[in-house]
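Biologist: I'm new to this one, so could you walk me through a single part of it? I'd like a close look at the place where the two chains meet.

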2 protein chains.
Amino acid sequence: MHSSPNQGHRTRTGQERRARTQARILAAAVRVFATRDPHALVIEDFIRAAGISRGTFYNYFRSVDEVFEAASRWLEDDLIVSIEAELAALSDPVDRLVTGIRLWMKKAESDREWCAFVAGSGARGEKVEQSLTGDLHGSRDAGALEFPSVAVARDLVVGTLREAMVRMTRERVEPGYPEEVARLVLRGLGLDAREIAARMARPLPAMRRPSRTVS
Amino acid sequence: MHSSPNQGHRTRTGQERRARTQARILAAAVRVFATRDPHALVIEDFIRAAGISRGTFYNYFRSVDEVFEAASRWLEDDLIVSIEAELAALSDPVDRLVTGIRLWMKKAESDREWCAFVAGSGARGEKVEQSLTGDLHGSRDAGALEFPSVAVARDLVVGTLREAMVRMTRERVEPGYPEEVARLVLRGLGLDAREIAARMARPLPAMRRPSRTVS
């Protein structure tokens, strides 16, 4: 099909506008999900929070479940941008675990909306799970960590971080709390005290700001 | 007020019957809550599961929330009978922690309804929390465990056990899984490997069967 450069431009700006509106709805949705019981929500709650019309909402989503799914994927992408980008530079699986757990806690501390959403919804990131179990396998195979099954180790990491996020959503924690959570988890995984001290003494890389604050 | 021995008897049998009916509703409620999303439930679901009339239901509870609250308390009492009764014989806080965590996992493995209910509902037992944090304080003060705050230690224990219960609700786990969860949690709390091995070599006391299976 023939299309003039001008038509191409129109399509692009249309797509950009559409992406901006969707980001605006999702940003509002995260706020709504973070502060209220997801099961008690109706579409009106999102329309009001995003300041859009009912018609606009239905151009993007058909149900609360759909908004929830999209918000989960969107936050997972946000997490991957924030954390996985930093981990990509690391090849040692123990380094990746130590840094990943510390960054996760730092993200929870610095981005309370994200923290409340993930803690409250029980949202699970497939990619994050794969990355975590891969590094647990690698660390055990390298003899750096000791546990009988990756399932037990994974449950220790995910369960403790989630409980910590529930606490951080409910109350103000001590300044050292996020790093101490990481330290106890690493000890539970069998990393010895000297290794923990040495690896956690390294400064954490700065994370990119979440993309959704820009939109 | 005056009352004949016979009136006293009638009152007692009336109370017993009432307690039996309430236990029957609660036992059915636990099954219902364990298998379905609590937010999607209506009173009809409990009436059907317990095989009672609507009128009988309203003699005991007025709403789904009330059944849920009562079922939580009832399961907590059940847990306290099962676990706290065993812990009462132990005075060393580390022994109490080791035994309590192991019994909790054993209970989750042997009583899947209880496991699914607690994992799915996020029910929190006030008395269990008090017992746990008391023993964490005691173990740290005695120099047997090392962590900077009881909050971090408590989140490691509760978070990992809850995640383990979620897994046990969803899939069949390896036979050694419950004990390995306990071992990793104790290591995370700073108990050294030899102490863990020695304390976990002791056989677990047999727990009383849950009272609700009798009713």
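Modeller: In this predicted model, 31 residues of chain A are in contact with 31 residues of chain B. Put the two chains together and about 2,500 Å² gets buried between them, with carbon and sulfur atoms giving 53% of that area. A trio to look for is A:Glu163, A:Leu184 and A:Arg187: they supply 24% of the area that chain A buries against chain B, more than any other three residues.

Now for how the copies are arranged. Turn chain A by 180°, with 0.0 Å of shift along the axis, and it superposes on chain B with an RMSD of 0.1 Å. That is the relation of a two-fold axis. If you want to find that axis from chain A, go to A:Gly188, whose C-alpha is the nearest to it in that chain, 1.8 Å away. Both copies use the same surface, too: 100% of the contact residues of chain A recur in chain B.

There's plenty of polar detail to browse. Ten salt bridges turn up across the interface of chain A and chain B. One salt bridge joins A:Arg183 to B:Glu146, where the closest N and O atoms are 3.0 Å apart. As for polar contacts, 15 residue pairs make them across this interface.

Which elements does chain A bring along? Those giving two or more residues to the side that touches chain B are α8 (150–170) and α9 (177–188) of chain A. The largest share comes from α8(A), with 15 residues. By type, the residues on that side of chain A split into 14 nonpolar, five polar and twelve charged.

Methods:
Residues are numbered from 1 along each chain as its sequence is written. Chains are lettered from A and ligands numbered from 1 in the order in which they are written. This is a predicted model: local features need pLDDT of at least 70, side-chain atom pairs count only at pLDDT 80 or more; totals for chains, interfaces and linings use all residues. Side-chain values use heavy atoms; hydrogens and water are left out. Copies are superposed by least squares on the C-alpha atoms of residues with pLDDT of at least 70 in both. Contact means heavy atoms within 4.5 Å. Buried area is the accessible area (1.4 Å probe) that two parts lose on being put together, summed over both. A salt bridge is a side-chain nitrogen of Lys or Arg within 4 Å of a carboxyl oxygen of Asp or Glu. A polar contact is a pair of N or O atoms within 3.5 Å; within protein, one must be able to donate a hydrogen and the other to accept it, and residues adjacent in sequence count only if both atoms are side-chain atoms. Helices (H or I, at least four residues) and strands (E, at least two) are DSSP runs, numbered from the N terminus. Ala, Val, Leu, Ile, Met, Phe, Trp, Tyr, Cys and Pro count as nonpolar, Asp, Glu, Lys and Arg as charged, and the others, Gly among them, as polar.
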